Structure formats: structure tokens, C-alpha cells
Amino acid sequence: MRSTHEGRKPYNVEVKAFQRGYTMDKPSQMYLLYDALFALEDVRELYRKSLPTGFTEKEKAELTERVQKVRTLLETLESGDKSYPMKYITDKLEPRIREEAFINIQPIQAAGRLTPEARKALIAYGDGYSVCDQCLSPFRLDKITKPPVQEFHQELAEFLGMDVARVVPGARRGFQAVVSSLVEKGDYVVLSSFAHYTEFLAVEQAGGKAKEIPSVNNVVTGEACAQKIEEVKKETGVLPKLIMVDHFDYTYGNEHEVRGIAQRAREYNVPFLLNGAYSVGVMPVNGKEIGADFIVGSGHKSMASAAPSGVLGVKSEWADKIFRTTKVTGDVTGRTFGIKEVEMLGCTLMGATLITMMASFPTVKERVRHWEEEVKKSNYVTTQFKRVQGSAILSEEPRKHTLTHVDTTESFDTVAKIHKRKGYYFSDELKERGILGQFAGATRRWKLNVYGLTWEQIKYLSEAFIEIAEKYGLPVTG
Ligand SMILES: Cc1ncc(COP(=O)(O)O)c(C=O)c1O
């Protein structure tokens, strides 16, 4: 039997969803809303293509026509039309409706969802170098005052509990900047055994060697870190050049002993980089309080920003090294390049990415204060989840994060073994209930992230797991 591949819709799922008594066909409504938004963009285009002096008669007539189209579309939307087709934006490019029409539990997408402010800023600042209108001497991104990029950098450093901050194209580019500044060929870097591959690649690119700290019960401890440092010292006669550990890892969403690790790093006088890809932007994280020399965050993973975006915070004693400015001179032209920072290649996030991060920032600063509520929701889901007998939580419990690794080998997978759709039956059932993001076809070990869901959505999601179990006769406890 054929399995469902990307791009092929699981058979009948939408139809079945419709039969479940939904009061609204959200996908259809979203396609309609997008058409209205795009029609507004067509109105905007008239302004872009006309003279500063105003519209010609032809353009005026065009404006009336295009505005009318928006009006008609909005009226149709309001009337609750149920059968609006999906239209491509351009060749094969579908409008994305996942966040509006579904509950998305995809493990890496949850906290990168844009805020309404970020989406608005994206509309207004989508053009290439859009934040660079007022880039005046000394010509560097973090010096721009309008929009307030400079101010944002200062606030960002404060938010991270560090002295200096920069925006970077993803957490990976933050690792790269630090590693390439500190590590030379043959140097050792101590990493968590849960380190993300991008941390390894940053070490590899610098010609360094990676040594992993083993975990105990899937948690990396200060003690194990010290043992690893000793091991490197014994083997090579020198200390590692850097320690990099993830605050919360991507596999289990477990919290690692970052304070203990920072303390050991200090004792051995080895700089410590805290990977906050899963923490900065969702919970309060203060780099200095933890004892980190560097802190890296991911904009698109945890700061409600467009990809690729990230942040790098450093303590002042490292700032000159990491953010060293160019010394190069052209031999023909004799040109030099002022205060451009080598690791940043001058400037980093020059438009849409930066503006989404800036626009989301007030919300992000506020939302970290409500992390406990998010954790409560996460624990609610896992408690309900375990009611389906045989379902297990592989992540530490109680949950301290919204990303959770689950094991349904003894529950939902027993159905997959005899179902004609194999593991895809489970994704189909979730999709029928408007839930996406579970790895399609996976019924053994898989991950979900419930960050940012409302309590209503959390309860709906939890009930969906129970309902599916009951439908297939799996035992559910009271
Ligand atoms: C723990 C961890 N660190 C770093 C990264 C890389 O982040 P970015 O995509 O922002 O470079 C990821 C991405 O999945 C991750 O899970």
C-alpha cells in the first residue's frame, strides 16, 4: 500500500473534518482572507507604480476597482462562505494557513510564530534593505537610530542579562561567531551530549575538536562537565577553549544544569556559551546570573521572529574579541572598512527578519513573565496524554518546558500495526480534528510543543488524544 508523501493530501481527511460538525471551514475562510489581504496589496501596488504627484484618471479608476474587490471579498468572508478555493500566490506557492486553520504542535515552530505586530511590520518592511533608509555614518546595522535598531540592541543586551548584544542570522551564526573567535585548529571544545548539530559544525568549521559531556538520566550536569574538562586536560595537556551547553535540549526539552556548568567553567577558567535556543524569548533567562560568558538565542525558534534570526549576547570582557572590527586593507585601492565587525561580516539582519524581531520584542519581554503558565499547560497535556494506557513521556517530569518527547509504542502504535494506513492513521485522525505538526506517520517516539496554545486549545488537544484512543479501543484510564 502507498504511504502519504509530502505534497499528497491524506485521503478524505478534509472531508471527514467537515463531517465532524465544525461550524466553520477555517481553511476555506483563510484562503478567502488571504485573497482579501492580497487584493489590498494590489491596491498598494498602485501607489508604488504611480507618480509622487498623484494618480492619473486611469489609476483612479483602477483604485476604485481594486478597492471594490477588497470590499467584496471581505463581505463574502463575513457571510461565512464555506467553499472558497485555495489559490496560488504565484506558481505552486500556496498561502500558508497552518497557524490559523489548525492547532500546530510542531516541535520547533511553536515559539517562533509571529506576533500580530511582527506580521504587520513584515508587511511594511518586507523590501530588501528596508531598515537601512537612515543608515548614516559609521554605517553599521546596530548604529541605526530610525527605526530604533540601536536602542533595540541596548534593550536586547539588558534582556539577555549581558553587556553587549548583536542580532545574527540564527543561533547557529551566534555559535559560529564565538567559536571562530576563540577556537583554532586542533583546539578542543566541550559540548553537551545533547548539543545541536550546528554547534558541532561551528567547531568543525574552526578546525576544532568536539568532546561531549555524557548525560545522567538525560540531564547534563556540572559534575560531568568537570570530568570532561579533566579528561581533555589529561589527554592533551591543555584545557578546552570553550564549553557550550544547551539550556534546554531539542531532543527531550530537558533542563540541564547550566548554573553548575557555569561554575565549573569559572573554576577552570574556560569560557562558557549558553545555548538558549529553547529558552531565550519564552522564559526569563539572565546570562550573567547563570554565569555565562556568551548567550545565544534563536529568533525563529523562540522569539516570535522570521527566519533566519537569532541573538548573541556577550560579557564586556569578551566584546572586543568577538566583535573585533576590520583591519584589512585593499592592496590596489588602499580601502579600509571602518568599524565593520569581522564576525558579523559588517551587517546581519537587514530587513524583514530584524523588523519582526523588533516588533515582537515588547510581547516577548512580557511573555517570558508568564512561562509558568505555559509549563502548567504542558503538564496538563502530558497528564491527559498518559491516560491512554501504554503512552509514556520520555522527557523529564514534571515538565519544565513545553517541548515534550513522547513514546506511544505501546498505545497508538499497536493500532498502526494493523491499520491499512499504518502510522498515518494517527496523523489523519489528528488532522481531521484540526491538529497538525505531529511527525506524519510516527506512532512510536515523537515530539510535540504546546507553547502559546490557549487553555481551550490545550484542552481540545488533550481530548483529541483520548478520543482517538477510544475510537480504536485503546484502554483509557479515568
Ligand atoms: C538546541 C538548538 N540549538 C540551536 C539550533 C539552531 O538554531 P537556529 O535555527 O536559530 O540557527 C537549534 C535548531 O533547531 C536547536 O534546536
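Here is a short walk through two helix pairs and a ligand site in this predicted model.

Let's begin with the helices. Two packed helices are described by the angle between their axes and the distance between the axes. For α9 (residues 222–236) and α10 (residues 258–268), the angle is about 30 degrees and the axes sit 8 Å apart. Angles under 35 degrees count as roughly parallel, so that is the label for α9 and α10. Their crossing is right-handed. On the α9 side, the contact is made by G222, E223, C225, A226, I229 and E230, while α10 brings in G260, I261, R264 and Y268. Sort those residues by class and you get five nonpolar, two polar and three charged.

Now move along to α17 (residues 424–432) and α18 (residues 455–471). Here the axes come within 10 Å and cross at roughly 130 degrees, which means α17 is oblique to α18. The crossing of this pair is right-handed. F426, E429 and L430 of α17 meet F465, I468 and K471 of α18. The class split for the contact of α17 with α18 is four nonpolar, two charged and no polar residues.

That leaves the ligand. It has 14 residues around it, and A171, R172, S298, H300 and K301 are the ones that come nearest. R172 has a side-chain N or O atom 2.6 Å from a ligand oxygen. K301 also places a polar side-chain atom 2.6 Å from an oxygen atom of the ligand. With N275, the partner on the ligand is a nitrogen atom, lying 2.9 Å from a polar atom of the N275 side chain.

Terms used. Residues numbered from 1 in each chain as written. Predicted model: local features only at pLDDT ≥ 70, side-chain atom pairs only at ≥ 80, totals over all residues. Heavy atoms only, no water. Axes fitted to C-alpha atoms, helices over the stretch in contact; angles between N-to-C directions. Helix = DSSP H or I, 4+ residues; strand = E, 2+ residues; numbered from the N terminus. Parallel < 35°, antiparallel > 145°, perpendicular 65-115°, else oblique. Left-handed = near helix turned anticlockwise from the far one by under 90°. Contact = heavy atoms within 4.5 Å. Nonpolar A, V, L, I, M, F, W, Y, C, P; charged D, E, K, R; others polar. Near = heavy atom within 4 Å. Polar contact = N/O pair within 3.5 Å; in protein donor to acceptor, adjacent residues only side chain to side chain.
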